[in-house]
Amino acid sequence: MSGGQQINAPDNLESLLKRVHEQAQKLSEGVVANYIPALAEVNPDQCALTVATLDGQITSQGDSQTQFSIQSISKVFGLMLAMERVGDDLWQRVQMEPSGQPFNSIVQLEWEKGIPRNPMINAGAILVSDVLVSHYSASKSAVLSMVRNLCGDDHVQADNRVHQSELEHGSRNSALAYLMKSFGNIEADVTEVLDHYFWQCSLTMSTEGLARSLAFLANRGTCPFSGKRITSHREAQRINALMSTSGMYDQSGHFAFTVGLPAKSGVGGGIVAIVPDYGVIAAWSPPLNSYGNSVRGMEMIRKVATELGLSVY
Ligand code: DON
């Protein structure tokens, strides 16, 4: 952490979040994801901001207990499980480089012979889903019980309507999966892999649940709420590194420049930013910019990080 003003006292944090949340609610830019009806119907005015700190405090404003579709934020959970299950072999099948392309881009995947650029874009997360489907007899239950272990049973559900809708409108993701299969980089049955991937995208959580569940990434792999070791320090650093370079898709450079934190976004409007050795900032508001990142979410996280001097750079 460097520069800016360090304020850790709960009262100050609460008033900062209140001010930042109020200002964000006035922003009117952005469009709610509309590629499936279940997401297009979401109320665009909803807005939540949560900060979880490593002393176990959770401070929130707005709709912080409302569960929303976490979409691509789930890529972090899938990745954690695959890293734990297959170790460094994973990096033979997916790279660790930023793509500079939209999250559902297909062009680069053919040039690079079916090896996705990173696990934070759709092709990479579908590859990770293949690893999970191939190594677990019940891959969805494995992901669900891992996330429940992190945030508590009531704080994560799968939304069947979103899952079915994703399956019905999944042509682009199917194309990515079959292209990787044609290069020999998908082992399991493609329909099973896609079903896992879409199910994972359909998970719903609140900003409080997300902040709690990913706090171990700020705490060198140990959950600050339960004291349980979730990953090694090295794996936590690696996940944070991938979030820094690729978690905000082709806006990751902009986010590093303006905010300076590892982060992951989803088209449901959620963003989770990790502040190593401090905590987690989780924000949610459905309207998205053209990159698929929440307009209000990015602005709230930028303001909190700037005012508290939290950039890692
Ligand atoms: O797979 C897809 O394209 C959708 N379920 C969106 C995933 C997502 O959140 C990408 N993000 N910004």
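Helices and strands here are DSSP runs, with at least four residues for a helix (H or I) and at least two for a strand (E), numbered from the N terminus. That settles what the names α4 and α5 stand for, and K113 sits in the loop between α4 (107-111) and α5. The model is a predicted one. K113 is not a glycine, yet its phi is positive, at about 55°. How buried or exposed is K113? With 12 other C-beta atoms within 10 Å, K113 is exposed, because a residue counts as exposed when 12 or fewer such atoms lie within that distance.

Now for the whole chain. The protein chain has 13 helices and 8 strands. Its radius of gyration is 18 Å, close to the 20 Å that the globule rule gives for 313 residues, so the chain is as compact as a globular protein of that length. Put in a box along its principal axes, the C-alpha atoms take up roughly 55 × 40 × 35 Å. Buried residues account for 50% of the 313 residues. As for who touches whom, take the contacts between residues at least 6 apart in sequence: 68% of them join residues at least 24 apart.

The chain splits into two domains. Domain 1 covers 10-71 + 203-308, and domain 2 covers 74-201. Their centres, taken over C-alpha atoms, are 21 Å apart. Where the two meet, 30 residues from domain 1 and 32 residues from domain 2 take part in the contact. On the domain 1 side, α2 (37-40), β5 (203-205), α10 (207-213) and α11 (233-246) each chip in at least two residues. Which element gives the largest share of that side? It is α11, with 5 residues. Sorted by class, the domain 1 side of the contact holds 13 nonpolar, 13 polar and 4 charged residues.

Next comes the ligand. Its surroundings are made up of Q71, S72, F103, N104, N122, E166, N173, C201, S265, G266, V267 and G292. By class, this shell has 3 nonpolar, 8 polar and 1 charged residues. Why can the ligand be placed between the two domains? Domain 1 and domain 2 both give residues to the shell, so the ligand lies between them. One member of the shell, Q71, deserves a second look. Q71 lies in the loop between β3 (68-69) and α3. Like K113, Q71 has a positive phi without being a glycine: the value for Q71 is near 45°, and that for K113 is about 55°. Q71 is buried, though, with 24 other C-beta atoms within 10 Å, whereas K113 is exposed. The Q71 count makes sense as buried because the cut-off is 20 or more.

After that loop comes α3 itself. Helix α3 runs over residues 74-86, and at 1.5 Å a residue its 13 residues should span 18 Å; the end C-alpha atoms are 19 Å apart, which agrees. The helix is mostly covered, with 10 of its 13 residues buried. Those buried residues are S74, K75, V76, F77, G78, L79, M80, L81, A82 and M83. What does the covering? The elements over the buried residues of α3 include α5 (122-135), α6 (139-151), α9 (190-201), β5, α11 and β6 (263-265). Right after α3 comes G87, whose phi is positive, near 60°.

Two more loop residues round things off. H155 is found in the loop between α6 and β4 (157-158). With 19 C-beta neighbours inside 10 Å, H155 counts as partly exposed, because 20 would be needed for a residue to be called buried. Leaving out neighbours within four places in sequence, H155 is in contact with M205, S206 and G209. The C-alpha atoms of H155 and Q61 are 17 Å apart, with their positions 94 residues apart along the chain. R229, in turn, is placed in the loop between α10 and α11. R229 has 13 C-beta neighbours inside 10 Å and also counts as partly exposed. Not counting residues up to four places away in sequence, R229 touches G221 and T222. From R229 to V107, which is 122 residues away along the chain, the C-alpha atoms are separated by 39 Å.

How values were computed:
Residues numbered from 1 in each chain as written. Predicted model: local features only at pLDDT ≥ 70, side-chain atom pairs only at ≥ 80, totals over all residues. Domains from an automatic or database assignment. Contact = placed C-beta atoms within 7 Å. Nonpolar A, V, L, I, M, F, W, Y, C, P; charged D, E, K, R; others polar. Expected span 1.5 Å × (residues − 1). Near = placed C-beta within 6 Å. Rg over C-alpha atoms; globule rule 2.2 N^0.38 Å.
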